Amino acid sequence: MSTPSLAALPIRRLTLRDLAACADLSEDRGWPREEHKWGFLLTAGKGWGIDDPDGGLVSACVVTEYGPHERPALAAIGMVLVAGRHARQGVGRRLMRHVISAMGTTPLTLHATPNGRPLYEELGFKATGRAEMVVGRFTPGGPEPEVATRAATAEDLPAILRLDEQVFGTDRTHIVTRLPAFADQLRVAEEDGRIVGYAAAWPNMATHVVGPLIARDTVVAQALIASLAARTDRPLRTDIDVRHEELLTWVKEHGLASVAFNSVMTYGLTELPGDWSRRFAPVTVAAG
């Protein structure tokens, strides 16, 4: 029996049963397996993929929707991968076109690597921002944080959700409410009894990823990062909006180093909703 052409292979929704296959695909492309993150994304969002007749996946991606369930206000596309043996055969383009069509009029966003950006531009995405990935062991020092931080509690959730929606520009309840189980730490910054920022640190291979990082200003963001770093022995990793130059300078002075830049791209809108001045880092670049 002849093997079907790549163009004839059906695109289907992925589920948690595909977790190992997604991790295998990551590993195939030289990425970490990131099973913890894949599980989070497949649960909170929608996975799409193409099965390989010889086993495993030809390609996969995940879409995370935000806002009203019936009419999402925004969707983030991430983890767009094509198996190495099927690379440069139009598979990624076909999968992306399917996702764009399936999302209808919902505005889209994604973080593009320099290698991926030309494809997304071809599909109609526009670069509207930039994020810098920094990694390293945080070294404390300097003045003590001016803002108090503490571990978040269940009672904080309504205030966190209100703050998050103000800053992100649309409802992310299904993401934020999963953070206590997904992250090893969830902390809030508090001033005069009011929450002025929050951040999580979740495990990813040998690092703790700081995200989301929502803060009233740079001072609050610094306090949250320092408090997360003080409670882990792992290196930190995060993706900071390059407009936050002061925070980027500060984390580099405290041991983190730049390792990559990604383009923040949008489709169907000229800029992301919300207040970028208080949005310092995403949950993960795969989910916005």
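User: Two strands pair if DSSP finds at least two bridges between them. With that rule, how many bridges join strand 3 to strand 4?

Analyst: Quick heads-up: this is a predicted model, where local features need pLDDT of at least 70 and side-chain atom pairs count only at pLDDT 80 or more, while totals for chains, interfaces and linings use all residues. Residues are numbered from 1 along each chain as its sequence is written, and side-chain values use heavy atoms, leaving out hydrogens and water. Strands (E, at least two residues) and helices (H or I, at least four) are DSSP runs, numbered from the N terminus. Strand 3 covers residues 57–66 and runs antiparallel to strand 4, and the number of bridges joining them is seven.

User: Can you put a residue on that? Which residue in strand 4 is the bridge partner of Val62?

Analyst: Look along strand 4, which spans residues 74–82. There, the partner bridged to Val62 is Gly78.

User: What about strand 4 and strand 5: do they run parallel or antiparallel?

Analyst: Strand 5 is made of residues 108–112, and three bridges join it to strand 4. One pairing to find is Ile77 with its bridge partner in strand 5, Leu110. The sense of this pair of strands is parallel.

User: Which helix goes with strand 4 and strand 5 in a β-α-β unit?

Analyst: That unit is right-handed (with the strands pointing away from you, the path from the first strand over the helix to the second runs clockwise). Between strand 4 and strand 5, residues 91–103 make up the helix of the unit, helix 3.

User: Why is strand 4 largely enclosed by the rest of the structure?

Analyst: It comes down to burial: buried means under 20% relative accessible area, exposed over 50%, and partly exposed in between (1.4 Å probe, protein chains only). Strand 4 is largely enclosed because, of its nine residues, the number buried is eight.

User: And strand 10? How many of its residues are buried?

Analyst: Strand 10 covers residues 207–215 and is mostly covered. Of its nine residues, the buried ones number nine.

User: Which residue takes a positive phi in the hairpin of strand 9 and strand 10?

Analyst: Strand 9 (residues 194–204) joins strand 10 through seven bridges, and they run antiparallel; Trp202, for instance, has Val209 in strand 10 as its bridge partner. Two residues sit between the strands of this hairpin, and the one with a positive phi near 55 degrees is Met205.

User: Strand 10 also pairs with strand 13. Which residue in strand 13 does Leu213 stand opposite?

Analyst: Strand 13 takes in residues 279–281, and two bridges join it to strand 10 in an antiparallel arrangement. Across from Leu213 stands Ala281.

User: Where does strand 10 find a parallel partner?

Analyst: Try residues 236–241, which pair with strand 10 over two bridges. His208 stands opposite Leu236 there. Helix 8 (residues 218–229) completes a right-handed β-α-β unit with strand 10 and that partner, strand 11.

User: On to charges. How far apart are the N and O atoms in the salt bridge of Glu121 and Arg117?

Analyst: A salt bridge is a side-chain nitrogen of Lys or Arg within 4 Å of a carboxyl oxygen of Asp or Glu. Both residues lie in helix 4, four residues apart, about one turn of the helix. Glu121 is partly exposed at 39% relative accessibility, as is Arg117 at 29%. The N to O distance is 2.8 Å.

User: Which residue forms a salt bridge with Arg33, with the closest N and O atoms 3.1 Å apart?

Analyst: Arg33 belongs to a salt-bridge network that also links Asp24, Glu27 and Glu35. The partner at 3.1 Å is partly exposed, with a relative accessible area of 45%: it's Glu27.
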